[in-house]
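Hi there,

I'm handing over the structure we talked about, and I hope it is useful at your bench. Please have a look at it alongside the notes below.

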Amino acid sequence: MTRLLLFTATAGLLATPSCSGPMASYDSVATPKIKKSHTASAAASSNTHDGQGTVEQITVKGETLKAADVWRQDRRELLERATVATPAEFSRFVAERSGTLIAEKVNEMLLYQEASRRLVPEVAENVDRFLTAEIRKVVTEKFDGIQRRYEKHLETEGRTLDDVREALRRQYMIEAYLTSDIRPKVGEPTRVRLWEEYEAVVEARRRAVRRSMSLIDVRFAEFLAEGNLAPTRDELNAARKKAGAQIEAARSAQLGGTVFAETARRYSHGLHAAEGGAWGWVDAQSVRERFIPALQALEGLQSGEVSEIVTGPDAFFLVRCDQFESGETPDFQSLQPELIERYAESQENRLLVELLGALQEDVRLEPVLLDRFHSAVVADALTFAERSRH
């Protein structure tokens with residue numbers, strides 16, 4: 001199960017709070033959600049701070065989730081947002097994102113518990129091989145094959161290699177369980193159902209012009225001293241200048257005839273650098289906000305064209321249009337593989353929501369408890385971000 005699928009299933013299970021008030025709406029969200037029940041299988045550990053009760057951890061069916069651990073896998077996102085947002089924007093982001101992360105973590109706990117209970121031993125035996133291979137892949141591709149460099153990088157985010165291994169272990173177990181339990185339950189769609197999917201997308205496709213993109217992403221933060229999470233203005237300006245020199249070198253390589261993919265592998269810091277910067281088909285809904293300037297540049301390109309240097313909020317970009325489609329109306333037959341995939345994804349998501357609803361039947365998390373736990377999570381995230389600046 002990808003995190004995107006978990007997030008999709010999570011949306012609506014727990015309400016995301018605003019930064020202006022408590023999470024009172026947790027108990028008003030439509031089923032399925034974290035419910036009250038006759039069994040008290042969730043508990044809380046509370047402390048008092050400045051006269052207000054705060055819940056520092058919750059326990060779901062014997063497994064504990066601490067407030068300090070909710071953001072642990074997402075601290076890089078937290079620190080990146082802290083560098084570009086105003087204080088008010090950052091506080092609002094932390095409050096809203098914390099609500100989503102709590103929901104994700106609770107659902108992940110429930111799924112992991114179910115996976116651990118139901119998977120056959122042979123599947124669990126493959127976990128260690130998976131963990132070793134995944135970590136080796138990251139170390140090789142991003143840290144020149146030197147594990148200590150990866151460990152030092154994790155330290156800047158407040159994580160350890162053990163944290164990564166545990167997160168990957170849970171991911172593997174959940175995905176293996178859903179592959180064996182949910183996906184076999186998705187039947188073949190009827191032609192009528194596929195035609196409904198076709199009608200749902202064809203109008204947008206009729207108007208849409210599609211472009212696939214390759215990207216060179218030279219990030220300012222990569223030129224700061226390692227571990228420097230709170231740079232001064234002068235340090236930021238110096239990093240920006242070095243990033244500018246690197247993107248100019250990449251542009252010169254392009255003008256000199258170097259293949260874009262080779263240039264990307266040499267100069268880019270992006271997630272797809274190892275694949276030559278290839279992103280595939282993209283649109284405004286499929287990219288994070290920081291990439292919008294690159295997407296805007298892409299809209300002015302034809303197949304094979306490369307943009308001038310594009311300035312983003314935290315990076316310089318070079319954009320290549322790999323493929324351009326003029327937006328003719330696709331017929332039913334040409335879209336059928338995609339329609340089948342859309343149908344399967346929607347059915348998997350429906351079954352996942354039903355599964356989570358069933359697993360949550362025995363969970364008792366009071367709305368007030370969740371409000372107070374959310375407050376502790378927000379406070380911990382803000383404290384970590386502030387501490388990282390100093």
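Here is what I found in it, starting with how to read it.

This is a predicted model, in which local features need pLDDT of at least 70 and side-chain atom pairs count only at pLDDT 80 or more, while totals for chains, interfaces and linings use all residues. Residues are numbered from 1 along each chain as its sequence is written, and side-chain values use heavy atoms, with hydrogens and water left out.

**The nonpolar cores**

The largest nonpolar core (buried Ala, Val, Leu, Ile, Met, Phe, Trp, Tyr and Cys residues joined through side-chain atoms within 4.5 Å) has 59 residues, and V70, W71, F90, Y150 and F373 touch the most other members. Buried here means under 20% relative accessible area, exposed over 50% and partly exposed in between, with a 1.4 Å probe and protein chains only. Among the elements that give two or more residues to this core are β2, α3, α12 and α13 (367–388); helices are DSSP runs of H or I with at least four residues, strands are runs of E with at least two, and both are numbered from the N terminus. Helix α3 gives the most, with eleven residues.

Apart from this core lies another, of 15 residues, including F291, L295, A315 and V319.

**How α3 meets α12**

Helix α3 (residues 87–118) and helix α12 (residues 332–359) pack at about 85°, with their axes 10 Å apart. The axes are lines fitted to C-alpha atoms over the stretch in contact, and angles run from 0 to 180 degrees between N-to-C directions. The two helices are therefore roughly perpendicular, a label for angles of 65 to 115 degrees. On the α3 side the contact (heavy atoms within 4.5 Å) is made by N107, L110, L111 and E114, and on the α12 side by L352, L355, L356 and L359.

**Some single residues**

Two residues that are not glycine have a positive phi. K61, with phi near 50°, sits in the loop between β2 (52–60) and β3 (63–66) and is partly exposed at 34% relative accessibility. D144, with phi of about 55°, is in the loop between α5 (127–142) and α6 (147–156) and is exposed at 60%.

Q296 belongs to helix α11 (residues 292–298) and is exposed, with a relative accessible area of 53%. Its C-alpha is 9.8 Å from that of V319, 23 residues away in sequence.

Best wishes

Methods:
Angles under 35 degrees count as roughly parallel, over 145 as roughly antiparallel, 65 to 115 as roughly perpendicular and the rest as oblique.
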